[in-house]
Amino acid sequence: MDEQKEKLDQHTLPLIPLRGLTVFPHMVLHFDVGRERSINALEEAMVNDQMIFLSAQKEAETSSPTSEDVYEVGTISRVKQMLKLPGDNIRVLVEGIKRGRVKKFVQEIPYFVVEVEEQDNEEDDTPDAETEALMRSVVDTFEKYIEASNKISPEIFITITEIEIPGRLADTIAANVVLKPHQKQEMLEAFDPSERLETLYRFLLEEIEILEIEKKINTRVKKQINKVQKEYYLREQLRAIQKELGEDEGVLEEVEEYKKQLKKIKLPKELHQKIEREIERLMKLPASSAETGVIRNYIDWVLNLPWNKETKDRMDLKKSSDILEEDHHGLEKVKERILEYLAIRQLSKSMKGPILCLVGPPGVGKTSIGKSVARALNRKFVRMSLGGVRDEAEIRGHRRTYIGAIPGRIISSIRQVGTKNPVFLLDEIDKLASDFRGDPASALLEVLDPEQNHDFTDHFMELPFNLSKVMFITTANTLDTIPRALLDRMEVIRIPGYTEDEKLSIAEKYLLPKQIKDHGLKTDNLKISENALRDIINNYTRESGVRNLERQIANICRKVVKRIVEEEIQYVRINPGNIKKYLGTPQFRYEMAAQKDEVGIARGLAWTRVGGDTISIEVTPMKGTGKLVLTGQLGDVMKESARAGISYIRSRIDVLGIDPEFHSNRDIHIHIPEGGTPKDGPSAGITMATAVISSLTGIPVSKDVAMTGEITLRGRVLVIGGVKEKVLAAKRAGIKKVLLPMENKKDMDEIPENVKRKIEFVFVEHMDEVLEHALLREPQNEN
């Protein structure tokens, strides 16, 4: 004992820094040494008296520690055994002797040497009553710890109960308890046995609490695992039963695949639970059940909808504008509205999709502009024709209670296109019908309402789907047949017919190159002159759009291809001189201005579905009893206008210089040529009145004047519509002066500049002004 005490009194010892390891006094353990300085320190200890100082590093990750990286308090230990391992590592068996505190680092290279002061002096201490009580509490708590952890053998507990020295008891328990490195270091630095016991007692209580929580977690996880294993076992049994019954063996795999798909979709909790319930129902139903197919079809539809998929809008306004210009000539209002929407999207990401209604005659590009809008926005395009749709289920879908039920065409189209923000074209919305199966127009109220369509619910799906990011574009030829409530939800943009110059530009830039390519020709094979194109536009087509114009150009291309193949020629030129050879006799003619000024004939302007036209109104007074005869298939509105004009004339007999008895001794016959064509509208009043006054006064009407406007009994001229189409018809007929109601002056912005330069426009408010410009005031003798 004296020899051992003499060795322990030595204060200069080599030091080995330990990584993640703490050695307590009276503790025997082994560890591996691999760092060069640690090996040098170990060799130095073996050369001398096998005594070494072991202290933990503050950070275990430090590979080359300095004196600052090592705790001051450690354990003076004796090396009991050393074994060299492959790879220059050494396994060491050590025994902790006493605590020690570093007073000074003597050297760091080639190994640590420190002066150590011993701290343990408790071998002969007799515990007092308080310490004895603390020892018992620690032992009892350690017993609970053993029960909770199930990792410490009962023999260790028996050994511990035989220890009567307080400090050694605390050290032995601490060596066998799972503590964090800083907690073990705190135990090592507690030199007072009572303080050490209290610290250990606190750590034990914390560990027991953690172990109890861990036990609860393990129990819960084990139950879940048992449940999974049970389900797996039952599924295997179910699979075996189904196999014996010859039923579908793939239902379980199908259900698992559905669940995987459902996890990938981000849905609100309520929707997720509803779909999950349907999947569970599918698993429970036998494969032979009729409802299995219904549920499978429903789940397929739900999981394949683009709940979270959308395309990114193209925010480059110039690029989008170029695409719109490249695809379509004109349609400026539509293009401007789309670019406005894009500009707003750059500032407000939550902007709802606009709902546009394009109204115009056939063939002006309403449908095709939808594709261009989708390309300009970098969105997918989907089209749905509403012409003749009379079943509400076409919009909302069928309820799943019906055999063969499917979703409506709105949801079907969204699924087909694969994104939640396409450009959706609802074509021919003015041709919706309704019958005993419901009113589809009313079903569209929710679809086309920005305040409601964020949770559109299809009857088949029974789940709300967000349509607010869809850009809806509807098309119509007229607004008269669209229900007022539905029309109120849409932003109406009117698309008038094309002018002759616009049709010529479209034919040269779009139609002719397209047909040349479609017929296998090259631009060098066919040339159609500008005058020939104008002849086709005026004499072979009569439309507001360009649909028939394209057909006539295609007709020419077919005949040119035939000539090239048969006659082996390379070039064909079409001009006004040879166009009849390809298209035959002109099919249409436009009434031109009269060659001379005539009495009783006035030139009016009319709007038709295929554009504007001029009409000549002829009036002949005859001896009779004051009858008014109207011929030429006039509608009720035009008949009323004629009667109003006669009443105005009778009230102005003195001013106009007309026979006061004309209404009793003369019949007035008003006729509009082309009697096979029905005519109606509220814009021929001043024209009929002018023709009647001319016939009764003998004053001729100027051949260069055309007019349009409604007349009242007091002679006021009322506003009319279709100004652009009517003015273009006047230009085509060679009219030099056009009389328009004063209130239509605002419509002059729509008139092309080249037309304004060739026609004189006079705006009138009263019939007296009309007569001043229309009549020549030089009477002619009647034959």
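On helix H11, the face turned away from the buried side carries two exposed residues, Lys318 and Glu326. The model is predicted, and the description below refers to that model.

Helix H11 spans residues 317-327, and its buried residues are Ser320, Ile323 and Leu324. Viewed down the axis of H11, these buried residues fall within an arc of 95 degrees, so they line one face of the helix. The packing partners of the buried residues of H11 are helix H12 (332-347) and helix H13 (366-377). Lys318 and Glu326, by contrast, are exposed on the face that points away from this buried side.

Two residues elsewhere in the chain are set out by relative accessibility.

| Residue | Location | Relative accessible area | Class |
|---|---|---|---|
| Thr712 | loop between strand S21 (710-711) and strand S22 (717-718) | 14% | buried |
| Ile217 | helix H7 (residues 193-245) | 38% | partly exposed |

Thr712 counts as buried because its relative accessible area of 14% is under the 20% cut-off. When residues up to four places away in sequence are not counted, Thr712 touches Tyr648 and Leu718. The loop that holds Thr712 runs between strand S21 and strand S22.

Ile217, a residue of helix H7, belongs to a nonpolar surface patch of about 310 Å². The other members of the patch are Ile213, Val221 and Ile225. Ile217 is classed as partly exposed because its value of 38% lies between the 20% limit for buried residues and the 50% limit for exposed ones.

Key. Residues are numbered from 1 along each chain as its sequence is written. This is a predicted model: local features need pLDDT of at least 70, side-chain atom pairs count only at pLDDT 80 or more; totals for chains, interfaces and linings use all residues. Side-chain values use heavy atoms; hydrogens and water are left out. Buried means under 20% relative accessible area, exposed over 50%, partly exposed in between (1.4 Å probe, protein chains only). Helices (H or I, at least four residues) and strands (E, at least two) are DSSP runs, numbered from the N terminus. The arc is that of the directions from the helix axis to the C-beta atoms. Contact means heavy atoms within 4.5 Å. Patches are made of residues with over 30% relative accessible area and no salt bridge: like charges are joined within 9 Å, nonpolar side chains (Val, Leu, Ile, Met, Phe, Trp, Tyr) within 5 Å. Accessible areas come from the Shrake-Rupley method with a 1.4 Å probe; for residues, only the protein chains shown count as cover. A salt bridge is a side-chain nitrogen of Lys or Arg within 4 Å of a carboxyl oxygen of Asp or Glu.
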